[in-house]
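Visitor: I am new to this structure. Please show it to me, and then I will ask my questions.

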Amino acid sequence: MRLKDIRSQKGVTLTETLVGVAITGVVAVVILSAVATASRTVSIADLRTTGESLARSQVEYVKSQSYIYYSIPGHGEYSVVTTPATYSVGVSAVPIDPGNGQPLPSGQDVGIQKISVTIERSGRPVFTVDDYKVDR
């Protein structure tokens, strides 16, 4: 091959190659970042959905149980639903005054309670819901 033929050949220079590799790297980082964000979002949505479902199930379970009068010594507590291994359910029932919605003094219960259900996962609160239970 003659020298003139070698110079006229088109090829890829080192600079073009480096620019191509850099662009490919940036695109890969953006795609991986998007996948990581989407994965985290799905995980959070799953956590909240499970927490809400457990909380609503617990509220309905408390409502289906017999009314527990907190004015009676040794009154006991409402039972809780079974949860997945890393979740826990907390239930608090506070007797309230139906006239003003305020908690009654200790030892009083006139047949209406504010029920608060808190769902935790690995010791961290996930979802809380409040409702009312009436002795019928």
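Visitor: Which residues form a nonpolar patch on the surface, and what is their accessible area together?
Guide: Keep in mind that this is a predicted model. The patch is made of Val 19, Ile 23, Val 27, Ile 31 and Val 35. Together their accessible area is about 440 Å².

Visitor: Is Val 27 buried, partly exposed or exposed?
Guide: Val 27 is found in helix 2. Its relative accessible area is 44%. Buried means under 20%, and exposed means over 50%. Val 27 falls in between, so it is partly exposed.

Visitor: Now the interior. Which element supplies the largest share of the largest nonpolar core?
Guide: This core has 16 residues, and Tyr 78, Ile 115, Val 117 and Ile 119 touch the most other members. Helix 2 (14–64), strand 1 (87–95) and strand 2 (112–121) each supply at least two of its residues. The largest share is 4 residues, and it comes from helix 2.

Visitor: Which residues does Val 117 touch, leaving out those up to four places away in sequence?
Guide: Val 117 is one of the core residues that touch the most other members. Its contacts include Ala 55, Gln 58 and Val 59. They also include Val 89, Gly 90 and Val 91. The list is completed by Phe 127, Thr 128 and Val 129.

Visitor: How many salt bridges are there?
Guide: A pair counts when a side-chain nitrogen of Lys or Arg is within 4 Å of a carboxyl oxygen of Asp or Glu. By this rule, the count is 3.

Visitor: How many residues apart are Glu 52 and Arg 56?
Guide: Glu 52 forms a salt bridge with Arg 56, with the closest N and O atoms 3.5 Å apart. Glu 52 is partly exposed at 34%, and Arg 56 is partly exposed at 43%. Both lie in helix 2, about one turn of the helix apart, and the separation is 4 residues.

Visitor: What is the N to O distance between Asp 131 and Lys 63?
Guide: The pair links distant parts of the chain, 68 residues apart. Asp 131 is in strand 3 (residues 124–134), and Lys 63 is in helix 2. Their side chains meet in a salt bridge at 3.0 Å.

Visitor: Which strands hold Asp 130 and Lys 114?
Guide: Their side chains meet in a salt bridge, 3.9 Å from N to O. Asp 130 is partly exposed at 42%, and Lys 114 is partly exposed at 30%. The two residues are 16 apart in the chain, with Asp 130 in strand 3 and Lys 114 in strand 2.

Terms used. Residues are numbered from 1 along each chain as its sequence is written. This is a predicted model: local features need pLDDT of at least 70, side-chain atom pairs count only at pLDDT 80 or more; totals for chains, interfaces and linings use all residues. Side-chain values use heavy atoms; hydrogens and water are left out. A nonpolar core is a set of buried Ala, Val, Leu, Ile, Met, Phe, Trp, Tyr and Cys residues joined through side-chain atoms within 4.5 Å. Buried means under 20% relative accessible area, exposed over 50%, partly exposed in between (1.4 Å probe, protein chains only). Contact means heavy atoms within 4.5 Å. Patches are made of residues with over 30% relative accessible area and no salt bridge: like charges are joined within 9 Å, nonpolar side chains (Val, Leu, Ile, Met, Phe, Trp, Tyr) within 5 Å. Accessible areas come from the Shrake-Rupley method with a 1.4 Å probe; for residues, only the protein chains shown count as cover.
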